[in-house]
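Subject: A structure for you to look at

Hi there,

Here is the structure I promised to pass on to you. Please open it and keep it on screen while you read my notes below.

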Amino acid sequence: MMSMVPNYIFTFIFTVFLIYSFINIKVKKARVSNGCLYGIGILVAILLLGMSIYGIIFHIPLGQVQTLIENNFK
């Protein structure tokens, strides 16, 4: 169970980041100084959120999820 704790922590952090980004951009109409980097950050957060959720669903630590993805591209 302790190996799953990072999955829950990362899921919470990335969810909060994505909600905060959505509120700032869509609701408050905030201007982003570098949209390209901000977009890359959002894409990375979505990717890591998906990895964390996959690990939670299948009870796999985050490091092993990364290994599974890397092995698919070899």
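Let's begin with two rings in the first helix: because Phe10 and Phe14 are four residues apart in helix H1, about one helical turn separates them. Please bear in mind throughout that this is a predicted model.

How buried or exposed are these two residues? Phe10 has a relative accessible area of 33%, so it is partly exposed. Phe14 is at 16% relative accessibility and counts as buried, because the cut-off for buried is under 20%.

**Aromatic pairs**

The count of aromatic pairs comes to three. One of them is formed by Phe10 and Phe14: their ring centres are 5.8 Å apart and their planes meet at 15 degrees, so this pair is stacked. The reasoning here is that planes under 30 degrees apart count as stacked.

Phe17 is another residue to find, and it is partly exposed, with a relative accessible area of 29%. Its partner Tyr38 also counts as partly exposed, at 24% relative accessibility. The ring centres of Phe17 and Tyr38 lie 6.5 Å apart with the planes at 55 degrees, so the pair is tilted. Which parts of the chain does the pair link? Phe17 sits in helix H1 and Tyr38 in helix H2 (residues 35-58), so to speak two distant parts of the chain, 21 residues apart.

**The chain as a whole**

Now zoom out a little. The secondary structure consists of three helices and zero strands, and reading along the sequence gives the pattern α-α-α. The chain is more spread out than a compact globule, because its radius of gyration is 15 Å, well over the 11 Å that the globule rule gives for 74 residues. Along the principal axes, the C-alpha trace spans about 40 × 30 × 15 Å.

How much of the chain is buried? Of its 74 residues, 22% count as buried. The accessible surface of the chain is about 5,700 Å², and carbon and sulfur atoms make up 73% of that. Among the contacts with a separation of 6 or more, 64% are between residues 24 or more positions apart.

**A nonpolar patch**

Next, turn to the surface. Met2, Val5, Ile9, Phe10, Phe12, Ile13 and Val16 form a nonpolar patch there, and together they have about 680 Å² of accessible area. You have already met Phe10, which is partly exposed. Ile13, another patch member, lies in helix H1 (residues 5-27). With a relative accessible area of 44%, Ile13 is partly exposed.

**Two residues in helix H2**

Finally, compare two places in the second helix. Ser52 is in helix H2, and at 0% relative accessibility it counts as buried. Which residues does Ser52 touch, leaving aside those up to four places away in sequence? They are Asn7, Phe10, Thr11 and Leu62.

Ile40 also has its place in helix H2, but at 43% relative accessibility Ile40 counts as partly exposed. If you would like to try a distance yourself, pick Ile40 and Ile69: they are 29 residues apart in sequence, and their C-alpha atoms are 19 Å apart in space.

Have fun exploring, and write back with any questions!

Best wishes

Conventions:
Residues numbered from 1 in each chain as written. Predicted model: local features only at pLDDT ≥ 70, side-chain atom pairs only at ≥ 80, totals over all residues. Heavy atoms only, no water. Patch = residues over 30% accessible without salt bridge, like charges linked within 9 Å, V, L, I, M, F, W, Y side chains within 5 Å. Areas by Shrake-Rupley, 256 points an atom, 1.4 Å probe, with all protein chains shown as cover. Salt bridge = Lys/Arg side-chain N within 4 Å of Asp/Glu carboxyl O. Buried < 20%, exposed > 50% of the residue type's maximum accessible area, 1.4 Å probe, protein only. Rg over C-alpha atoms; globule rule 2.2 N^0.38 Å. Contact = heavy atoms within 4.5 Å. Phe/Tyr/Trp six-rings, centres within 6.5 Å; stacked < 30°, edge-to-face > 60°.
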